[in-house]
Amino acid sequence: MSILIQVNGVVEIKDTESHDEFLDKFIEFVERNGWFFGGGTQDITDNEDEKLD
């Protein structure tokens, strides 16, 4: 039996890193813990409705 956790939010990264670099680190973190991730990511930098305050 497993537990399913849904994560909704935004991750703010340094502008010297790319979306792909973030995703590589995120997947490495998930796999290092023996977990699985199903879903997608999207760069919303230019989306005014999604920006952090």
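## A tour of one helix and its phenylalanines

Start with the whole molecule as a surface: the protein exposes about 5,500 Å², and carbon and sulfur atoms supply 50% of that area. Bear in mind as you click around that this is a predicted model. The chain has 53 residues, and buried ones make up 4% of them. Switch to cartoon and you'll find 1 helix and 0 strands.

**Stop 1: the helix.** Select residues 19-32, which are helix H1. How far apart are its end C-alpha atoms? They sit 20 Å apart, and since 14 residues at 1.5 Å a residue should span 20 Å, the model agrees with expectation. Now step just past the helix to Gly34, which follows H1 and has a positive phi, near 75°.

**Stop 2: the rings.** Show side chains for the aromatics; a search of the whole structure turns up 3 aromatic pairs. Pick Phe22 and Phe26 to begin with: their ring centres are 5.9 Å apart and their planes meet at 20°, so this pair is stacked. The cut-off in play is that planes under 30 degrees apart count as stacked. Along the chain, Phe22 and Phe26 are 4 residues apart in H1, which means about one helical turn separates them. Colour by accessibility and Phe22 comes out partly exposed, with a relative accessible area of 22%. Phe26 is partly exposed too, at 25%.

Keep Phe26 selected and add Phe37. Stacked or edge-to-face? The planes of Phe26 and Phe37 are at 90° with the ring centres 5.1 Å apart, so the pair is edge-to-face. This contact links distant parts of the chain: Phe26 belongs to helix H1, while Phe37 lies in the segment after H1, 11 residues away. Phe37 is partly exposed, with a relative accessible area of 39%. Select Phe22, Phe26 and Phe37 together and you have one aromatic cluster.

**Stop 3: next door on the helix.** Click Leu23, also in helix H1. At 25% relative accessibility, Leu23 counts as partly exposed. Then draw a distance from its C-alpha to that of Thr41: the two atoms are separated by 8.1 Å, though the residues are 18 apart along the chain.

**Stop 4: the pocket.** Leave Thr41 on screen and bring up the largest pocket, with a volume of about 1,500 Å³. Which residues lie nearest its centre? They are Gly9, Val10, Val11, Phe22 and Thr41, out of 35 residues that line the pocket. So two names from earlier stops, Phe22 and Thr41, turn up again here. Colour the lining by residue class to finish: it divides into 16 nonpolar, 12 polar and 7 charged residues.

Key
Residues are numbered from 1 along each chain as its sequence is written. This is a predicted model: local features need pLDDT of at least 70, side-chain atom pairs count only at pLDDT 80 or more; totals for chains, interfaces and linings use all residues. Side-chain values use heavy atoms; hydrogens and water are left out. Helices (H or I, at least four residues) and strands (E, at least two) are DSSP runs, numbered from the N terminus. The expected span of a helix is 1.5 Å times one less than its number of residues. Rings of Phe, Tyr and Trp (its six-membered ring) pair if their centres lie within 6.5 Å; planes under 30 degrees apart count as stacked, over 60 as edge-to-face and the rest as tilted. Buried means under 20% relative accessible area, exposed over 50%, partly exposed in between (1.4 Å probe, protein chains only). On a 1 Å grid over the protein atoms alone, a cavity is a set of points where a 1.4 Å probe fits but cannot get out, and a pocket is an open set with protein on both sides within 12 Å along at least five of seven lines; lining residues have an atom within 4 Å of a point. Grid points are joined across faces, edges and corners, and a volume is the space filled by probe spheres set on the points. Ala, Val, Leu, Ile, Met, Phe, Trp, Tyr, Cys and Pro count as nonpolar, Asp, Glu, Lys and Arg as charged, and the others, Gly among them, as polar. Accessible areas come from the Shrake-Rupley method with a 1.4 Å probe; for residues, only the protein chains shown count as cover.
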